[in-house]
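Dear colleague,

I am handing over the structure we discussed, with the sequence and the coordinates placed just below. After it I set out what was found, beginning with one local element and working outwards to the chains as wholes.

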Amino acid sequence: MPYLQLSDLKTHFPVKKGLLFKREVDTVRAVDGIDLEIEKGEILGLVGESGCGKSTLSRTVMQLVPATGGKVVLDGEDLSALSPDAVRARRLDFQMIFQDPYASLNPRMTVSSTLAEALRTRQPELKGDALAGAVAELMERVGLDRRFVRKYPHEFSGGQRQRIAIARALAPQPKLVLADEPVSALDVSIQSQILNLLKDLVRDLDLTMIFISHDLSVVHYIADRIAVMHFGKIVELGDAEEVMARPGHDYTKKLLASIPTIETHRR
Amino acid sequence: MSLLEVTDLKTYFHTRAGVVRAVDGVSFSLERGKTVGIVGESGSGKSVTCYSMLGLIPMPPGRIEGGAARFDGVDLLSCGERALREIRGKRIGMIFQDPMTSLNPYLRVSTQVAEPLRLHMGMDKRRAHAAAVEALREVGIPDPETRVDMYPHEFSGGMRQRVMIAMALITKPEILVADEPTTALDVTVQKQILDLIKARQRELGTAVIFITHDLAVISEVCDEVNVMYAGRVVERAAAAELFEDPRHAYTRSLLKSIPATHAKGEELYTIPGLPPDVSRPISGCAFAPRNQLGESGRCLTDSRPPLTEIAAGHWVQDCPGCLS
């Protein structure tokens, strides 16, 4: 039994026209019939260009956008059939990490209040020293110095902010983490630190992760399997090595051919 | 003689938190028709270097503390705003990372693309409009006769960057400064844009200064590469030479931390720590605290290592710790 199962998942957006009498003139098929199974502890890389529907797919899995059709089954439970209240309760089990950590952190909250709030969603009884201890433990877990606990997001560098965002995502002890372009905004040297961290966390905390990126070399490095998305559909799915070495679909070949490479003659 | 010769450029920002030495003695030269790359992390001073040459640094807080940038017998740093205006946008074009913020959302594309011709060449409206259509056609925008009268928001990201390129090249400038032109774009679009820049460069003989933090992009487009760290050039070499035989510990660390150079599952190499705070004076080798691949114990501590030529055309900061 796969941990997360998407069957024939569809998210369509109606395009409406008219001022008083709105009528549907067209539909945007952002996610158009996706079947995907993810095992526990796996990192699935999802690649595709802007507009291919990868962010809509992640939002649909997160139940932030209602699915038009199909099912999202997490650990045996059909999320798309739950009531909004039940979804809210279940959302602790799946968390997101976004591309721009500065935009996703509250600028008026210190690291400690951000993390404490996230921790208490799962454990509302946590207070005082126990809460402070949990915050410090979380910070160490993602490689942040616990002395920074009283600082605000603007006082951190991009890489450190992404560590805060990761810590906040981990605070409610999720089982599934959706990382939407988590390293795209970072410099090369910082990017490698965050990739190492994510890899360690998945291994140590037994997480399942969907890693969304447009950078194939990053996805190749971190993911076990790669799914290539194009116009709302998955056009290729396979073992990461296999997809990179022997792409089957024309679109995957085009993506691979577009990656700039460092050319050295000696290699 | 080089088309552009920058010598010992220093741009400091005087802020309440102290003097930020964003660019601290940078020299490089650009030959006609060639592409020079500037790579470095955020805050290494790569953009400030180019903005200084073009008089685009807000002053205050910025101040050009010294140096020269000779372009065709004129020192861009001291020639004054009026003379600079004759050059900027006419003989030196620029494109930026985010084409949406550098295009005016209220103006039709035709007005913006034709503006350099109207301002610098005094061309009349009709002819400028025709030239704008032609320029859009040359950068591969389909149906340019209709597209030219649309607004920037009606274009996709890649198409907007094409508009920027058409606008920057419409006066056939001798230099094109490209500041992270493909960072915001998808890989397939990135390839199209890089190919376009190369093709236009061949046709017009334009020299290009290419700023990016992406080493793979640099290796594809540049003839010569400058690696910047903490406001200085730490290494300079022909692109092929730099990637085959990187000498400075920072260059080696950067190349080592790219996922593509790692086997799957292998721990990625990471450069420990963070870039130095350039608002404090750095007395010795700026990379010493993060140097793991060399011997940080042998890094210079009392003077900044000078850039020296160690092989023909291969320059590197002469710091024993970073070279070992």
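In helix H1 of chain A, which runs over residues 54-61, six of the eight residues are buried, so this helix is largely enclosed by the rest of the structure. Please keep in mind throughout that this is a predicted model. The buried residues of H1(A) are A:Lys54, A:Thr56, A:Leu57, A:Ser58, A:Thr60 and A:Val61, a list that includes a lysine and two threonines as well as aliphatic side chains. After H1(A) comes A:Gln63, whose phi is positive, near 65 degrees.

A:Met62 belongs to the loop between H1 and strand E4 (69-74) of chain A. Is A:Met62 buried or exposed? Its relative accessibility is 4%, and because buried means under 20%, A:Met62 counts as buried. Once its neighbours within four places in sequence are set aside, A:Met62 is in contact with A:Arg91, A:Phe94, A:Gln95, A:Met96 and A:Leu178. A:Ala223, by contrast, is 161 residues from A:Met62 in sequence, and the two C-alpha atoms are 20 Å apart in space.

Another point in chain A that you may wish to look at is A:Asp8, which has a positive phi of about 45 degrees although it is not a glycine. A:Asp8 is found in strand E1, residues 4-17, and it is partly exposed, with a relative accessible area of 37%.

Taken as a whole, chain A has ten helices and ten strands. Its radius of gyration is 20 Å, close to the 18 Å that the globule rule gives for 267 residues, so chain A is as compact as a globular protein of that length. Along the principal axes, the C-alpha trace of chain A spans about 65 × 55 × 45 Å. Of the 267 residues in this chain, 52% count as buried, and among contacts between residues at least 6 apart in sequence, 67% join residues at least 24 apart. Chain A exposes about 12,600 Å², of which carbon and sulfur atoms supply 50%. There are 35 positive and 36 negative side chains in chain A, with the centres of the two sets 5 Å apart.

Turning to chain B, the count is twelve helices and twelve strands. The radius of gyration of chain B is 21 Å, close to the 20 Å given by the globule rule for 324 residues, so this chain is as compact as a globular protein of that length. The C-alpha atoms of chain B fill a box of roughly 65 × 50 × 40 Å along the principal axes, and buried residues make up 51% of its 324 residues. For contacts in chain B with a separation of 6 or more, residues 24 or more positions apart account for 63%. The exposed area of chain B is about 13,800 Å², with 51% of it supplied by carbon and sulfur atoms.

Which residues have the most contacts inside the largest nonpolar core? That core has 68 residues, and the two in question are B:Val113 and B:Phe210. Helix H7 of chain B (residues 157-169) gives the most to this core, with eight residues. Apart from it lies another core, of 54 residues, among them A:Ile164, A:Ile190, A:Tyr221 and A:Val243. Beyond its neighbours within four places in sequence, B:Phe210 is in contact with residues including B:Val36, B:Ile38, B:Leu194, B:Ile197 and B:Val221. B:Val113 is one of the buried residues of helix H4 (residues 109-120) of chain B, and what covers the buried residues of H4(B) includes helix H5 (125-138) and H7. H4(B) is followed by B:Gly122, whose phi is positive, near 65 degrees.

Finally, some backbone details of chain B deserve a look. A cis peptide bond joins B:Met59 and B:Pro60, with omega about -20 degrees, and the peptide bond from B:Pro60 to B:Pro61 is also cis, with omega near 5 degrees. B:Pro60 lies in the loop between helix H1 (46-53) and strand E4 (62-71) of chain B, and B:Pro61 is placed in the loop between H1 and E4 as well. In the loop between E4 and strand E5 (74-75) of chain B, B:Asp72 has a positive phi near 55 degrees, though it is a residue other than glycine. B:Asp72 is partly exposed, with a relative accessible area of 44%.

With kind regards

Definitions and conventions:
Residues numbered from 1 in each chain as written. Chains lettered and ligands numbered in written order. Predicted model: local features only at pLDDT ≥ 70, side-chain atom pairs only at ≥ 80, totals over all residues. Heavy atoms only, no water. Helix = DSSP H or I, 4+ residues; strand = E, 2+ residues; numbered from the N terminus. Rg over C-alpha atoms; globule rule 2.2 N^0.38 Å. Buried < 20%, exposed > 50% of the residue type's maximum accessible area, 1.4 Å probe, protein only. Contact = heavy atoms within 4.5 Å. Areas by Shrake-Rupley, 256 points an atom, 1.4 Å probe, with all protein chains shown as cover. Core = buried A, V, L, I, M, F, W, Y, C linked by side-chain atoms within 4.5 Å. Lys, Arg positive; Asp, Glu negative; His and termini not counted. Charge placed at Lys NZ, Arg CZ, Asp CG, Glu CD.
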